[in-house]
Amino acid sequence: MFQKRYATPGTAPATLDPLPAACARKPVIRLIEYDLTHLDERVIPSVAELPDFPDDGRVRWVEMNGLGDVDELRALGHRFGLHPLALEDALNTGQRPKMEPYDDHLFIVAQMIYRDPERKLCGEQVSMFLGKSVLVTIQEEDEIDTFQPVRERIRGGRGFIRKLKTDYLAYALLDSIVDHCFPALEELGESIEDLENELMDKPSQSCIHVLHEHRRTLMQLRRFVWPERDVLSALLHDETGLIAQPTKIFIRDCYDHTVQIMDLIESYRDVTAGLLEMYLSSVSLRTNEIMRVLTVISSIFIPLTFVAGVYGMNFDYGDGSMPMNMPELHKPHGYIICIGIMLAITTAQIIFFRRKKWL
Amino acid sequence: MFQKRYATPGTAPATLDPLPAACARKPVIRLIEYDLTHLDERVIPSVAELPDFPDDGRVRWVEMNGLGDVDELRALGHRFGLHPLALEDALNTGQRPKMEPYDDHLFIVAQMIYRDPERKLCGEQVSMFLGKSVLVTIQEEDEIDTFQPVRERIRGGRGFIRKLKTDYLAYALLDSIVDHCFPALEELGESIEDLENELMDKPSQSCIHVLHEHRRTLMQLRRFVWPERDVLSALLHDETGLIAQPTKIFIRDCYDHTVQIMDLIESYRDVTAGLLEMYLSSVSLRTNEIMRVLTVISSIFIPLTFVAGVYGMNFDYGDGSMPMNMPELHKPHGYIICIGIMLAITTAQIIFFRRKKWL
Amino acid sequence: MFQKRYATPGTAPATLDPLPAACARKPVIRLIEYDLTHLDERVIPSVAELPDFPDDGRVRWVEMNGLGDVDELRALGHRFGLHPLALEDALNTGQRPKMEPYDDHLFIVAQMIYRDPERKLCGEQVSMFLGKSVLVTIQEEDEIDTFQPVRERIRGGRGFIRKLKTDYLAYALLDSIVDHCFPALEELGESIEDLENELMDKPSQSCIHVLHEHRRTLMQLRRFVWPERDVLSALLHDETGLIAQPTKIFIRDCYDHTVQIMDLIESYRDVTAGLLEMYLSSVSLRTNEIMRVLTVISSIFIPLTFVAGVYGMNFDYGDGSMPMNMPELHKPHGYIICIGIMLAITTAQIIFFRRKKWL
Amino acid sequence: MFQKRYATPGTAPATLDPLPAACARKPVIRLIEYDLTHLDERVIPSVAELPDFPDDGRVRWVEMNGLGDVDELRALGHRFGLHPLALEDALNTGQRPKMEPYDDHLFIVAQMIYRDPERKLCGEQVSMFLGKSVLVTIQEEDEIDTFQPVRERIRGGRGFIRKLKTDYLAYALLDSIVDHCFPALEELGESIEDLENELMDKPSQSCIHVLHEHRRTLMQLRRFVWPERDVLSALLHDETGLIAQPTKIFIRDCYDHTVQIMDLIESYRDVTAGLLEMYLSSVSLRTNEIMRVLTVISSIFIPLTFVAGVYGMNFDYGDGSMPMNMPELHKPHGYIICIGIMLAITTAQIIFFRRKKWL
Amino acid sequence: MFQKRYATPGTAPATLDPLPAACARKPVIRLIEYDLTHLDERVIPSVAELPDFPDDGRVRWVEMNGLGDVDELRALGHRFGLHPLALEDALNTGQRPKMEPYDDHLFIVAQMIYRDPERKLCGEQVSMFLGKSVLVTIQEEDEIDTFQPVRERIRGGRGFIRKLKTDYLAYALLDSIVDHCFPALEELGESIEDLENELMDKPSQSCIHVLHEHRRTLMQLRRFVWPERDVLSALLHDETGLIAQPTKIFIRDCYDHTVQIMDLIESYRDVTAGLLEMYLSSVSLRTNEIMRVLTVISSIFIPLTFVAGVYGMNFDYGDGSMPMNMPELHKPHGYIICIGIMLAITTAQIIFFRRKKWL
């Protein structure tokens, strides 16, 4: 998720380098025209065949999905007067979310976070050019259609979407992008909870690995959502007149959602940090306990074994001429006394360990 | 406490989805009308039967407790001109505390923290619509009535509450919400103190677990109180005229309480962080001590045991033809010399350990 | 030091609840009237007997020490037009230092930190109402009179105090409160230095305990001094006209002192954090050293003991019919060879440990 | 990379001390003159031979590569009215990136980060004086020509570079400087990924060393890029009129790149911090596991060895007159019973360790 | 370096307490008068004998070195109209660097950091009163004359110093103070590098001690340089007219130096933090390695020693009447089988340890 396309240092700005063939998807261009009473959806073969857009108050949404044809992109830029630098940003995906005002339109970059069919987290850049009556969106992917519910709402014609202009349409797309984070975070939250139980139950190296994966995912989400919040804030305080007052109330709501997402992310980060801390302190306590057992058992039995070893030595005993060698072995009750000494040593040690609270 | 209801991504904003049946409580609607001389309390069967509100300077407090009937909520919104997005936030509880100005009213979301009868910390969202002469509050729960003391104050008619307007009533409710944090925090503080004693006395894994529970609770409290402070600050600097100057002095006092609560939370966080640190350093010191005992005893007795083992070997002794095999065993005073060597080794080691300050 | 009196949630604001009898000290009321030429000090039996204050340019300082009589406090509030919320804050001690402007006076809360006769750090709240010609101060304690030097300066009549107005008197009290932190901090600093020496010399669990006590004390001091700085800054930028320009130069000096105190506190915090770090790293290094000794000795002698053990086994030797059993024991030079093998093992291990730098 | 030339304390400001001979490269002066239709490149032997610059709307780029001749530098300053302090900063390389407005020109210091032919990260200071129609750049190095692509773009005459003025040329150089960070960071990222695999596979002291090298590199990059961002922001909000509006759109794009680079650097810092944490927790877990094995094996076998040692003692057995000495050895089934006791001890211990989850 | 003189709490502000005799140096007063053409240096016996200063455009620098005579200080204050609070700050050295505007002069406190002849870091307070035509400086020390180079520049008459006014002289002194940090930091940096090598080579407790000394020194430097930066920034934005525009360009340069010093300090702090981290992780890894060796050797040989111990037991063997006792000892090949079993145990353990990657 860290990858970002960048131009070779020193090349002229706003150069549109064709993508490597591997990830170049042929663009699909769709046009949706609507107003309160009218709705028209078409797939357009190429930018050149886009019809003229009369000034009839209709909202027009031009979607280009697929970045494989640099010429089409250039044509699109030419048709709608888009700045080459903005087109470059739309082509070189992996940009930070941002909002840039141009003369007669706003350029908005957003990063959609969604789960692919295998439930892996993916990111996809959505670039929008928001004009008075036209909204141009550029995406890389066409197959995973996360905007389908918005299109359905346009078709259904209920709610505010057909009554309001391109600014509301842009809001609806941004809102859909932002709201996709909630289920992704919910799933992450559940996974963190599972991990917590596992860590308490049977800590292993792989738990720690998963924990760090989660932390890194949270970090990345934060890096995408934080500037998205700034984008929404910038739209909220927009003074170009492209964002109407009623739409701003909706954008405020969407801004609120990003704040909630940031809150959730921060909560999860704190929880994972706490898990790591708890895990480390638990490992440290366990090591301490293990050492305590080892120390108690070793300290008791190693001296005893030494005593036993001493009386297992084979110095000439039973030979009257060397009475100095190991006379204890020939004393009556020698064995009993020896066992008694061992018991005394053991008792002393147990008392010592008890006082240290190691037993 | 992390749960939050959210709409499916892509659905139209301000959609009021009915709650799952399990947690849908039938709404109870209460109306309290009062001015300095007059007081009237009624339970209203449904929003449709709310009486007209003449412009007679009386304060009217409409309470809807229970979110189980989306139609009633919608009717309430219609009756008082509430924005659908605000209604959605009132329905989807778990919102961040916030204050949003609308044309002729303020929308305030607060989170009440209180202890349920089993002394568990609970949170409940209180949504308020503060108009010129009407205060509408929406809550999920009806049984645990944390606003009872405020109602009693209205009935009692003493103090400022009957003299001032809806803004003071809203303040009284917010003040009650904020002040509920103090006893909750006090109890938490006592629990932390108990934990400190336990940690010093007999550290165990479960202490650490409880410590992290407390840290997480503090984190969550902070997450709710922090934006509540912003809400109060926003009310304090309100310029819509809905908040009168005398009420602002009270709101400043309430704002002060949130600052004190934040201070307490920060203190507790620092204390718990210190506890964790102290606990870790104490475990580390104990492990060190345990290791020292193990090392001293092992280092002294393992070499001695080896020496004893050597003289326990059964190489043919007492056989004149192999005089090289273990002649020490047959030397007079061999045993005494052996014990002497052992004592020398032990003394050397004790001196070594003393110099290292391990003994 | 964490305790704070708070009202039961839901009670009306500005309720003056009598204190529990245990800590309710009967109030002592003192009045000091002075101008450049005149000085009059009296103890007043009750608020009702306070004389009228003509507008004669004299400074009047009304001290109420002791919070045991709520009615007296209420009477004081009534006499000088003090807001009930401010009186509540004066009664419920443990407030955060703050400055609140009211119509014709400023309400200032400060926390005096001083050492009691047993050299324990104590805190006491001082509430001030600063009017044009009257300064009212409310304290809990009467016996430990930290303001005595200020009173002496008034009596002495030297310096600025008799020339300037109530604002300078309030400054003099605040300056005295702030300057009390210096000796307290100096003592703490010496105690930290002692601790450092002890930690380096003979680390023990109790050092860590004391270290954390100091850290907690610093934390609390910071929590009191930080808002005190804001109070002084607010006075410095006061625009009500109650603070004259010449006094502001003095307040700037006092503000400077709080900044220096914050600096000292931060220094001490850094030092204690460094001590903890150094202590942990030293424990960790010691454990490492201890383990090294244990490992070297065990690794050398345990295999040797095994070899000795093998030749201490009692398999039938000396019996010609089972020549396979332990023939080494009957070889000439068997013992010498065995000792040689042991030496070789030891040498190999010593070389290994040398290369690892463990020896 | 920390080195910075500084003047001896107390010397007059703006003193141009000659560099030590070792690193003094003879300056090479190049002049490029161009407008939309005209292009002229020359190498100039000395500043004195720079031609007059008529006010003909052409852009002139004066490059001085090499700081070995202080007199030439002084002459350059004299020719273009540069402030002695700025010249001093150009000479004493290792400055923090900054932008300082002077009367009729802007002084810009930037730090170019690039990989030398051995792929080591290097830094080189580029100082620019941006006037209305002249851009003066001063560099230390002449051989590694990182500005070659920009020169090619001037020669090629395509894009914006020949149409716009000195401000665009300065932007093109800054953009080239900023964009050089991307490949450097990409390589660092790959190196971090390799390290991660190595750390998981076979952690060693050298990994930690490399990890810290990387952290330090990131720290340094951050220290250079952060102020570069401020430089670009200052240019973006420039009000001297030296930066034209169309160029500002390009500078905004370049500013964006610095933000992305900061983002990348922060990501890498977080990743390396996570690696270190994961590594420490993994070492701690491994130590715990190792200790567990040691403890289990020692605790089981040390007591058993003691029992075996006891019955290896040589107290006089087989002698009817001292029946107290080790009668067990002469009991029938003594051996079997002894083995049975050993098994019982072992079983008890295994059950104990199982319950502790150490087995 | 933490020490700071402070007045007894409660004493009147601006009291000039004589210093303890031990550190009271008799003041030396010097007067330097100069303009572009004129230069006059004198030592003045006492403040009373300072000549009158006609308004002739000359710059006058009055130096008082030594704080031992409070009366002289008071006389100085009286002569130049200095505020008693400022004089108190000049006397009670150890102040935080600050700039305070008074009616007709600026009061500047700076802390000079320099190495004494034994290369120890020292700090000395320099207090300046910057008036229209007089600069008064007050220092504690007279012997270590760090301002000598500035005096030489005045005498030499080259550069800007004789052309500009008191503001430039004050700048020159501040610049000299700031630039003294560079060599001090350079030396510290070299010491840190040495420490790094030592830590990697042969870590010991004393390294950690030195490391923490360095960290504390950096902390203190930061505490002095940070407010010095604010002082320069305040001078840069001065609006009293005492700082002329041309001087501000020089002050900007000096401000820049403080930023670079802060950068260096932060770099060093990061490096030392990294060293500590690396050191801890290396100790932890070493402990792990040591434990691994101990565990492998103990786990292999302790069980083997037990087996050898069993067959060293002295149960009655060779006695046909008790065939159950240790029949293995009498089996042909018993010894070989026993050795075989030992080898099998060893092999199993080695395979186990290999799979765990401990070997």
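Start by showing chains B and E together: the two do not touch, and their nearest C-alpha atoms are 9 Å apart (contact here means heavy atoms within 4.5 Å). Swap E for D and you get a similar view, with no contact between chain B and chain D and closest C-alpha atoms 9 Å apart.

Before going on, some housekeeping. This is a predicted model, where local features need pLDDT of at least 70 and side-chain atom pairs count only at pLDDT 80 or more, while totals for chains, interfaces and linings use all residues. Residues are numbered from 1 along each chain as its sequence is written, chains are lettered from A and ligands numbered from 1 in the order in which they are written, and side-chain values use heavy atoms, leaving out hydrogens and water.

**Chains D and E**

Now select D and E. Turning chain D by 72°, with 0.0 Å of shift along the axis, lays it on chain E at an RMSD of 0.1 Å (least squares on the C-alpha atoms of residues with pLDDT of at least 70 in both copies). That is the relation of a five-fold axis. To find the axis, click D:Gly312: its C-alpha, at 4.8 Å, comes closest to it of the residues of chain D. Only 16% of the interface residues of chain D are also interface residues in chain E, so the copies meet through different surfaces.

**Strands in chain C**

Next, pick residues 106–115 of chain C, strand E5 (helices, H or I of at least four residues, and strands, E of at least two, are DSSP runs numbered from the N terminus). Nine of its ten residues are buried (under 20% relative accessible area, with exposed over 50% and partly exposed in between, using a 1.4 Å probe on protein chains only).

Add residues 98–101, strand E4(C), which pairs with E5(C) in the antiparallel sense over four bridges (pairing takes at least two DSSP bridges). Look for C:Glu100 opposite C:Phe107; four residues separate the two strands in this hairpin.

Then bring in residues 121–130, strand E6(C), which runs antiparallel to E5(C) and is joined to it by ten bridges. C:Leu106 has C:Leu130 as its bridge partner. In the five-residue link of this hairpin, stop at C:Arg119, whose phi is positive at about 65°.

**Helices in chain B**

Last stop: H4 (166–179) and H5 (181–201) of chain B, packed at about 0° with axes 5 Å apart (axes are lines fitted to C-alpha atoms over the stretch in contact, and angles run from 0 to 180 degrees between N-to-C directions). Select B:Ile177, B:Val178 and B:Asp179 from H4(B), then B:Cys181, B:Phe182 and B:Pro183 from H5(B), to see where the helices meet.
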